[in-house]
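Reader: I am new to reading protein models, and I would like a close look at one part of this one. Could you take me through the salt bridges, step by step?

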Amino acid sequence: MDKNENAVYRVKAGYTLREFLDEYLVIPVGLSEDIETKVGILNSVGEVIWKTLQKDSTFQDLLAVVTKEFDVKEEVASKDIEEFLEQLDQYKFLEKDRRRR
């Protein structure tokens with residue numbers, strides 16, 4: 001995933017996050033060609049990132065939130081965020097833009 005300072009990420013419209021038995025489920029709401037019918041399961045870190053991605057966010061925005069909320073080194077958080085963004089992209093839950101708005 002591109003860690004370019006100018007890249008902007010956000011979750012696609014049409015998905016909602018629901019807490020269920022100490023996990024967080026990403027579920028589609030509504031029917032559209034742009035919406036995948038897949039359901040995602042997130043842990044608490046994924047939940048924080050997902051909520052941050054409700055608005056335009058850079059990689060650095062995500063890194064700042066994760067390192068502030070959790071006791072994790074920046075290098076570890078960076079790698080984990082990169083992998084998480086790749087998974088969101090793979091499941092088509094993520095929108096990417098190359099420029100900061």
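Author: Let us begin within a single helix of this predicted model, where the side chains of Lys 51 and Glu 47 meet in a salt bridge, with N and O 2.5 Å apart. Both residues belong to helix α1 and stand four residues apart, which is about one turn of the helix. Glu 47 counts as buried, because its relative accessibility is 11% and the cut-off for buried is under 20%.

Salt bridges that share partners also join Arg 10, Asp 56 and Glu 95 into one network. In one part of this network, Asp 56 forms a salt bridge with Arg 10, and their closest N and O atoms are 2.9 Å apart. Asp 56 lies in the loop between α1 and α2, whereas Arg 10 lies in strand β1, so this pair ties together parts that are 46 residues apart in sequence. Arg 10 also forms a salt bridge with Glu 95, where the closest N and O atoms are 3.2 Å apart. Since Arg 10 is in strand β1 and Glu 95 is in strand β5, the pair ties together parts that are 85 residues apart in sequence.

The three members of the network can also be described by their accessibility: Arg 10 counts as buried at 12%, while Asp 56 is partly exposed, with a relative accessible area of 27%, and Glu 95 counts as partly exposed at 30%. In total, the count for the model comes to five salt bridges, among them the pairs described here.

Key. Residues numbered from 1 in each chain as written. Predicted model: local features only at pLDDT ≥ 70, side-chain atom pairs only at ≥ 80, totals over all residues. Heavy atoms only, no water. Salt bridge = Lys/Arg side-chain N within 4 Å of Asp/Glu carboxyl O. Helix = DSSP H or I, 4+ residues; strand = E, 2+ residues; numbered from the N terminus. Buried < 20%, exposed > 50% of the residue type's maximum accessible area, 1.4 Å probe, protein only.
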